[in-house]
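Subject: Handing over the two-chain model

Dear colleague,

I am passing on to you the structure that we talked about, and I would like you to open it before reading any further. Please keep it in view while you go through my notes.

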Amino acid sequence: MTSRGAVEIRGLRVVRGKHVVLDGLDLTIGGGVTGLLGPSGCGKSTLMRCLVGVQQISSGTVQVFGEEAGSGQLRDRVGYVTQAASVYDDLTVAENLRFFARVLGVDKQEVDRVVQSVDLDSQRDRVVGQLSGGQRSRASLAVALLGSPDLLVLDEPTVGLDPVLREDLWALFHGLADQGTAVFVSSHVMDEAERCHRLLLMREGRIIADGSPAEIKEQAGADSIDAAFLAIVRRDAA
Amino acid sequence: MSPRITMAVAGRVLIQLRRDRRTLALLLVLPCLLITLLWWMFEDTPVFDEVGPALLAMFPFIVMFLVTSVTTLRERSGGTLERLLAMPMGKLDFLLGYALAFGAVAAVQAALAVGLSVGLLGLDVQGPVWLLLVVAVVDAVLGTALGLFVSAFAQTEFQAVQFMPALVIPQILLCGLFIPRDQLPQVLEWISNVLPLSYAVDAMQTLTETTATGDVWRDLAVVAAYAVGGLALGAATLRRRTA
């Protein structure tokens, strides 16, 4: 999966309060499934918010499909899932999706399609507030799938899901990537890293490793991503 | 801005309200109960005829202020607002959607309160009754607009509710309910002249006292201008990009 240049980031700097979250980040993201891995608090969510155009940035540029991130033309081409499930707890799954579908101006049949793809068929008429945490986050993911966006930005979409569901969702991400969607997904679970085409390891606002899982393991001389991350962090600190 | 998205927001807010039966019941029944209480307290005196109109102006304003400030705060803190603003949604779609939905609820609320006051409790209304409803709805939209605005300054629902005594109670004290506005100390009269609720109450009082509606339309225009101003301020607090 080589790049189509979905995302081009140059010299991105984000300061929150007195804390510099990202400092002069350069990054190009292409097609396929790109994983962003790192401990919590390292700047993953901030980077993702920049791609969607909801983060105030101090300097630098973020371009998505050649447009400035967050510009009007992009808003129905980028699907975004925040860490917290951003759906209405007092609406049913189907009501939530019908609402967001109307906002996006996509067909009603889209609702059925996305409900199926996140495996919430049997819960579709239940109020979201009564669902389990995993079901809620899948409802939130379903919203991002409406209208088949060209870029999916997913902030820890598999947190709290059982292994079978996680497997299903990763299969879904790969299916979408095969159809041409650029999938950018963050996680702090190292074993999920193996399933990405390309991996970015992030620490304290910097990308400290970039490559396929095999390349990263080879570079670090480790046999798991977990061990590779550790080795790279140690080398980086030295 | 697009009518499709505005209507989507309004429809969604109404579905949420319909699901929350308790809130809906409080919204619609509570004003009627309080008006009845007041009527009963002042049985056989002319007081109800004096304060009834002011109450009809106050309830839509207070109730919509509270409901809107809490619900939009939830949108802000729950991440749904951020998600919507990352979608093809204009800020005005969001604001007008809320204003439409709560305006519709206010219309029902006002119809019940006016129907009860005029029909059962014998409130004397000289002017056209439908115009009472119009004043109540515009007044409710004003409450919605202010509620949207203050929700930007509250981090918790607790704080949002505290804005009620800060912004609403002074208006109630100075709107002419307790003492006619022209008998207030000079400075307070000036202050009451710039508070929108004063004009809503004036409009209601004029409607009960005379059949001439010229002053009512003028007062209504002032309230509407404040509502539009409130919505504009609310729009300024909706930021696509946040820190």
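Below is what was found in the structure, taken chain by chain and then at the place where the chains touch.

Please bear in mind from the start that this is a predicted model, and that what follows describes the model as it stands.

Chain A, overall

Chain A contains seven helices and 10 strands. A compact globule of 238 residues would have a radius of gyration near 18 Å, and the 18 Å of chain A agrees with this. If you turn chain A along its principal axes, you will find that its C-alpha trace spans about 55 × 35 × 35 Å.

The sheet of four strands in chain A

One open sheet in chain A has four strands in the order S2-S1-S4-S5, and the pairing in this sheet is antiparallel. Strand S2 (19-29) and strand S5 (67-68) of chain A stand at its edges with a single partner strand each, so one side of each has no neighbour in the sheet. As a general point to keep in mind, strands of a sheet pair through backbone hydrogen bonds, and they do so either parallel or antiparallel.

Within this sheet, strand S1 (residues 7-16) of chain A runs antiparallel to strand S4 (residues 59-64) of chain A, and five bridges join the two. You can follow this pairing residue by residue: Arg13(A) stands opposite Ser59(A) in S4(A), while Ile9(A) has Val62(A) in S4(A) as its bridge partner. Helix H1 (residues 44-52) of chain A packs on the sheet, where it touches S1, S2 and S4 of chain A, and its direction makes about 120 degrees with that of S1(A).

S4(A) also pairs with S5(A), again in the antiparallel sense, over two bridges, and Val64(A) stands opposite Glu67(A) in S5(A). These two strands, S4(A) and S5(A), form a hairpin with two residues between them, and in the turn Phe65(A) has a positive phi of about 50 degrees.

The sheet of six strands in chain A

The other sheet to look at in chain A is an open one of six strands, ordered S6-S7-S8-S3-S9-S10, with mixed pairing. Its edges are strand S6 (78-81) and strand S10 (206-211) of chain A, and each of them has a single partner strand, so that one side of each is left without a neighbour in the sheet. From one strand to the next, the twist averages 15 degrees.

Strand S7 (residues 151-155) of chain A and strand S8 (residues 182-187) of chain A are paired in the parallel sense over five bridges, and in S8(A) it is Ser186(A) that serves as the bridge partner of Asp155(A). Helix H6 (residues 213-220) of chain A packs on this sheet and touches strand S9 (198-203) and S10 of chain A, with a direction that makes about 110 degrees with that of S10(A). Helix H7 (residues 225-237) of chain A also packs on the sheet and touches S9 and S10 of chain A, but its direction makes about 130 degrees with that of S10(A).

Chain B

The secondary structure of chain B consists of 10 helices and zero strands. Its radius of gyration is 18 Å, close to the 18 Å that the globule rule gives for 243 residues, so chain B is as compact as a globular protein of that length. The C-alpha trace of chain B spans about 55 × 40 × 35 Å along its principal axes.

One pair of helices is worth following in detail. Helix H1 (residues 3-19) of chain B packs with helix H5 (residues 91-120) of chain B at an angle of about 45 degrees, their axes being 7 Å apart, and the two helices are therefore oblique to each other. The crossing of H1(B) and H5(B) is right-handed. Among the residues that meet there are Val9(B), Val13(B) and Leu17(B) in H1(B), and Phe94(B), Leu100(B) and Ala104(B) in H5(B). The residues of this contact divide into 13 nonpolar, two polar and one charged.

Where the chains touch

Finally, 23 residues of chain A are in contact with 23 residues of chain B. On the side of chain A that touches chain B, helix H2 (residues 93-104) of chain A gives the most, with five residues. By class, that side of chain A has 10 nonpolar, seven polar and six charged residues.

With best wishes

Definitions and conventions:
Residues numbered from 1 in each chain as written. Chains lettered and ligands numbered in written order. Predicted model: local features only at pLDDT ≥ 70, side-chain atom pairs only at ≥ 80, totals over all residues. Axes fitted to C-alpha atoms, helices over the stretch in contact; angles between N-to-C directions. Parallel < 35°, antiparallel > 145°, perpendicular 65-115°, else oblique. Left-handed = near helix turned anticlockwise from the far one by under 90°. Contact = placed C-beta atoms within 7 Å. Nonpolar A, V, L, I, M, F, W, Y, C, P; charged D, E, K, R; others polar. Pairing = 2+ DSSP bridges. Rg over C-alpha atoms; globule rule 2.2 N^0.38 Å.
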